[in-house]
Amino acid sequence: MSISEKVQKSMTEGSWVRRMFDEGAILKQRYGAENVFDLSLGNPIMEPPAEFDRELRRLVEHPLPGMHRYMENAGYAETRAAVAEQLSLETGIEFTTHDIIMTCGAAGALNVVLKTILNPGDEVILFAPYFVEYINYIDNHGGVASVLPTDEQFLPKLDVLENTIGAKTKAVIINSPNNPTGVVYSADLLHLLGEVLQQKEAQYGTQIFLISDEAYRKIIYDGLRFPSPLHHHPRSIILTSHSKDLALPGERIGYIAVHPACSPPEELIDGLIFCNRTLGYVNAPALMQRLVRHLQSVTVSVAEYQRKRDLLYARLIEMGYSLIKPQGAFYMFPKSPLEDDIAFVKELQEFRVLTVPGRGFGTPGYFRISYCVDDRTIEGSLAGLGKAAQKNGLG
Ligand SMILES: Cc1ncc(COP(=O)(O)O)c(C=O)c1O
């Protein structure tokens, strides 16, 4: 075998999102792409905001000397300063350039953070359902993932967390707004979570990082303000990207922000910069850094996503599906009418609707719908979703 057994095994167990993508490609070939309604991918249909095009044009028309050269591994100081300024504005906590490291998306950021903090065998706690790549990323850096269940609202059970944290617990990953459920963690919940972490730190004489994956921070509905974990745990590291909020997933641009109260900050930040380099990212893409510097307060149309959520949510409820109304991101996670979520997803495929089984997110018995698609796809999927509901006695 030319590849490692470990990689071979991970590929076989593989990502369900990827598997659905492959099966969808076969269906599209058979029936024509316009007759298959693909709700399986988190690849936003929206184009980047007009401000992005304006900045891009400006840069092309007025190129800067040396703008394609190597730079500091942490990224351009001007971009980091712009990120720090916006974060300070949003959170009321004073960030400086030194707290920010530009990365190759949130995925790159997560790998940099985990490599920096993990000793072999250290435990990283996450809550199901979770973004499936967390498991691969933790494994990449010698950590051990400990997956905890959530309650019926998909929120962490703090008593379970309390009983799980031990001397080897190095970090807890949270993701709000959440992929795949769309839930947003309240300030009250974050406060209690922070209390548990600090109590356990005191008990074991350790430091436990709260890693906050904020890839969907700006895609939040109904006028809700994003509750930041920064107010509840000083050892918070936040990471995000502009894949979703500026619709730039192919451009691989994001950042890490370290809580200014994290001590000693220099050691952690130097470690993060070192790992950004030695993981081979070297630095985040130069051109994108130049552009997003001017776009920190810009977001794709959240109202448009909210409209899509409202449309789909209302119809799914009418059909009899049981689901929590998402408060952010662009996913829904309904209960599967069949206990076997894979069987149900296959039934939906027969009606030419593509979704992802809940077990792909560590939570069997549910399925994920992604609605960052055009209205034609949402509307086209309704007939199939309705037929599958009827077939299984909903409504
Ligand atoms: C929860 C979550 N975190 C991280 C990522 C990775 O995003 P990026 O494109 O910024 O690497 C995604 C992508 O879908 C995601 O859903």
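On a 1 Å grid over the protein atoms alone, a cavity is a set of points where a 1.4 Å probe fits but cannot get out, whereas a pocket is an open set with protein on both sides within 12 Å along at least five of seven lines, and lining residues are those with an atom within 4 Å of a point. Grid points are joined across faces, edges and corners, and a volume is the space filled by probe spheres set on the points. The model is a predicted one, in which local features need pLDDT of at least 70 and side-chain atom pairs count only at pLDDT 80 or more, while totals for chains, interfaces and linings use all residues. Residues are numbered from 1 along each chain as its sequence is written, and side-chain values use heavy atoms, with hydrogens and water left out.

A search of the whole structure finds three cavities of 30 Å³ or more. The largest cavity, with a volume of about 50 Å³, has a lining that includes Leu 126, Phe 127, Tyr 134, Ile 174 and Tyr 185. Strand β5 gives the most to this lining, with three residues (strands are DSSP E runs of at least two residues and helices H or I runs of at least four, numbered from the N terminus). By class, the lining of the largest cavity has nine nonpolar, two polar and no charged residues, where Ala, Val, Leu, Ile, Met, Phe, Trp, Tyr, Cys and Pro count as nonpolar, Asp, Glu, Lys and Arg as charged, and the others, Gly among them, as polar. The second largest cavity has a volume of about 40 Å³, and Ile 174 and Tyr 185 are again among its lining residues, as are Ser 212 and Phe 226.

Of the pockets, the largest has a volume of about 1,200 Å³ and is lined by 39 residues, with Ser 15, Phe 131, Val 132, Glu 133 and Tyr 137 nearest its centre. Its lining divides into 18 nonpolar, eleven polar and ten charged residues, and helices α1 (5–13), α2 (16–31), α5 and α6 each supply at least two of them. The second largest pocket, of about 280 Å³, is lined by 15 residues, and Phe 226 is one of those that lie nearest its centre; helix α4 (residues 77–91) gives the most to this lining, with four residues.

Two of the helices that line the largest pocket, α5 and α6, also pack against each other, at an angle of about 35° and with their axes 9 Å apart. Axes are lines fitted to C-alpha atoms, for helices over the stretch in contact, and angles run from 0 to 180 degrees between N-to-C directions. The contact, defined by heavy atoms within 4.5 Å, is made by residues that include Leu 110 and Leu 114 of α5 and Tyr 134 and Tyr 137 of α6.

An open sheet of seven strands has the order β2-β8-β7-β6-β5-β3-β4, with mixed pairing, two strands being paired if DSSP finds at least two bridges between them. Strands β2 (100–103) and β4 (144–148) stand at the edges with a single partner strand each, so one side of each is left without a neighbour in the sheet. Strand β3 (residues 123–127) pairs with β4 in the parallel sense over five bridges, and Phe 127 stands opposite Leu 148 in β4. Helix α5 lies across six strands of the model, including β2, β3 and β7, and runs at about 155° to β7, whereas helix α9 (residues 265–278) lies across β2, β6, β7 and β8 and runs at about 15° to β2.
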